[in-house]
Amino acid sequence: MIKKILAIILISNLFSAVSFAQCNYGINLGDSYSKIFKDKYGNINTEDSISIYRESADKICASNTFKDVQVEYTFIYGELGSIKLIALNDSNNIVSNELTLMKYAKLNYGDFNTGDNPRAYNYFKVWKENNMVILYKRLLGSQNIWDESIYITNNKYRKKMAGISAVKENVLQGMMKEQ
């Protein structure tokens, strides 16, 4: 009887792990804005420094496990610079309390210490492998709403985005001084 219960637990864990492992973003970092994206979002101006598009993750990850999680694609001059999975929490923090993004990060990028109570984890984890940079972040924000996300990029685009942000900040500061 105990063997049957353990087998059922093992099988259900395998099924839940498989459901987390199936996010297909349809594009890789560095790829140009493709026909698939043109069909979904229309044309973009590849001269624009940053273009951002969002979509529900349950469509991309082929699982209703990702309900209330959003995928954000950031294009830099028409090339995919980052992908970000964002928990769409409200005051009840349902998405973060279910540990959906945490489980996905651990399964796909590597385990990390969340202490005795993973729901109380209030920190971040960074993985750097093969030029990839993955940041899992779970921080308690204002009004006790969890700010939780997985940010995926590489060294090239991380540096480009930092440069673009710095330029935009300097331009805004210059405009403020002129007023």
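This report looks at a disulfide and at one threonine, Thr-153, in a predicted model.

**The disulfide**

Let's start with the cysteines. How many disulfides does a search of the whole structure find? The search finds 1 disulfide. Cys-23 and Cys-61 are its two partners, with a distance of 2.0 Å from S to S. This pair links distant parts of the chain, as the two cysteines are 38 residues apart. Cys-23 sits in the loop between helix H1 (2-20) and helix H2 (35-41), while Cys-61 belongs to the loop between helix H3 (57-60) and strand E2 (69-76). Is the disulfide of Cys-23 and Cys-61 right-handed or left-handed? The torsion about the S-S bond is about 100°, so this disulfide is right-handed.

**Thr-153**

Now follow the chain to strand E6, which covers residues 146-154 and includes Thr-153. A polar atom in the side chain of Thr-153 lies 2.6 Å from the backbone oxygen of Gly-81. Beyond its neighbours within four places in sequence, Thr-153 is in contact with several residues, among them Leu-29, Ser-82, Asn-131 and Met-161. Gly-81 also appears among these contacts of Thr-153.

**Buried or exposed?**

Here are the relative accessible areas of the three residues discussed above.

| Residue | Relative accessible area | Status |
|---|---|---|
| Cys-23 | 15% | buried |
| Cys-61 | 0% | buried |
| Thr-153 | 0% | buried |

Why does Cys-23 count as buried? Its relative accessible area is 15%, and buried means under 20%, so Cys-23 falls within that limit.

Note on methods:
Residues are numbered from 1 along each chain as its sequence is written. This is a predicted model: local features need pLDDT of at least 70, side-chain atom pairs count only at pLDDT 80 or more; totals for chains, interfaces and linings use all residues. Side-chain values use heavy atoms; hydrogens and water are left out. Helices (H or I, at least four residues) and strands (E, at least two) are DSSP runs, numbered from the N terminus. Buried means under 20% relative accessible area, exposed over 50%, partly exposed in between (1.4 Å probe, protein chains only). A polar contact is a pair of N or O atoms within 3.5 Å; within protein, one must be able to donate a hydrogen and the other to accept it, and residues adjacent in sequence count only if both atoms are side-chain atoms. Contact means heavy atoms within 4.5 Å. A disulfide is a pair of cysteine sulfur atoms within 2.5 Å.
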